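Please open the model in your viewer and keep the selection tool at hand. The stops below go from an aromatic pair to the ligand.

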Amino acid sequence: MMTKEEFTMLRDFVYEKTGIYFAENKMYLLESRLTNRLQELGFSSYEDYYYSLKFGSEKAKNEMANLFDVVTTNETSFFRNPPQLDVFRTMIKKDYCNGNMLGSPIRIWSAACSTGEEPYTLAIIILEIIESLKKNIPFTIYGTDISSKVIESARRAVFSQYSVRNTDERTVKKYFAGENNLYALKEEVKKYVKIDFMNLMEENAYKIYRQMDFIFCRNVLIYFDEKMKKKVIDCLYECLRPKGVLIIGHAESLHNISRAFKPLVFPGTIAYQRG
Ligand SMILES: C[S@@+](CC[C@H](N)C(=O)[O-])C[C@H]1O[C@@H](n2cnc3c(N)ncnc32)[C@H](O)[C@@H]1O
């Protein structure tokens, strides 16, 4: 059993490293997520596990990556929240039709991309626009996450039926090779997306993600407390080019977090534009 003191130590440690905040009523959740780690490493208490992590004992070498894997929630799917994707599609189309070029190449970042469905969805959307407009639109998509496990999976890009459940049949047939209920994304999509480790907690890590036209940072702010949300949003603002657009989760809001963005109101969703 995890004691209250052990919970506080580990909760603060997880927060310091990831920004993920387990509130008091989430003690059992943290406990259940860490049980297997204790068993696997042979620790008899959460306190021993904590000190090993904190002081980098031989037994807990490389454990930080496992910790990141277990404290994160990685739910995602292709074509998640269509109204937000409509905004993305419309803005890219409009910009190209008006000859009012976005960056060239267009730079897009899916920050906290989990197993890759989000950045690959964005790539498919642009490929479809290219086909319909018969125009070459150069673009690069970055997908990043803190969990090595999901990064590995995103790079493999082989998905379950569940991941493509909201994807229309035509798109599935066109961009995936299906076999045994698995859907392997084709290289023609994969090649546009660079998947990497990036911890939103680390201010220095934002430096290489500059001049973005779009940033998708969806369904991760909910795991952070207000201080961390502010820090992440401020850093993301700096990563956008002027007029670049931030999209956060549909249940998330920048209310009380930032007033730096111009809210753009669309049917069923809001996008946030850098001035
Ligand atoms: C629920 S998923 C969201 C995936 C995708 N953006 C979507 O909306 O479908 C949240 C992701 O945030 C990642 N995450 C949590 N804390 C993070 C941090 N500090 N830095 C980077 N990624 C983080 C998790 O590993 C997880 O894959």
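Helices here are DSSP runs of H or I with at least four residues, and they are numbered from the N terminus. The model is predicted, so local features need pLDDT of at least 70 and side-chain atom pairs count only at pLDDT 80 or more, while totals for chains, interfaces and linings use all residues. Residues are numbered from 1 along each chain as its sequence is written, and side-chain values use heavy atoms, with hydrogens and water left out.

Begin by selecting helix H3, residues 46-55, where Tyr51 and Phe55 are separated by about one helical turn because they are four residues apart. Across the whole structure, a search finds 18 aromatic pairs, meaning rings of Phe, Tyr and Trp (its six-membered ring) with centres within 6.5 Å. Tyr51 and Phe55 form a stacked pair, 6.1 Å centre to centre with 5° between the planes; stacked means planes under 30 degrees apart.

Next, select the ligand and the 21 residues that surround it, each having a heavy atom within 4 Å of it; the closest are Thr18, Thr76, Arg80, Asp145 and Asn219.

Finally, display the backbone N or O atoms of Ala112 and Arg218, which lie 2.8 Å and 3.0 Å, respectively, from a nitrogen atom of the ligand.

Conventions:
A polar contact is a pair of N or O atoms within 3.5 Å; within protein, one must be able to donate a hydrogen and the other to accept it, and residues adjacent in sequence count only if both atoms are side-chain atoms. Rings of Phe, Tyr and Trp (its six-membered ring) pair if their centres lie within 6.5 Å; planes under 30 degrees apart count as stacked, over 60 as edge-to-face and the rest as tilted. Helices (H or I, at least four residues) and strands (E, at least two) are DSSP runs, numbered from the N terminus.
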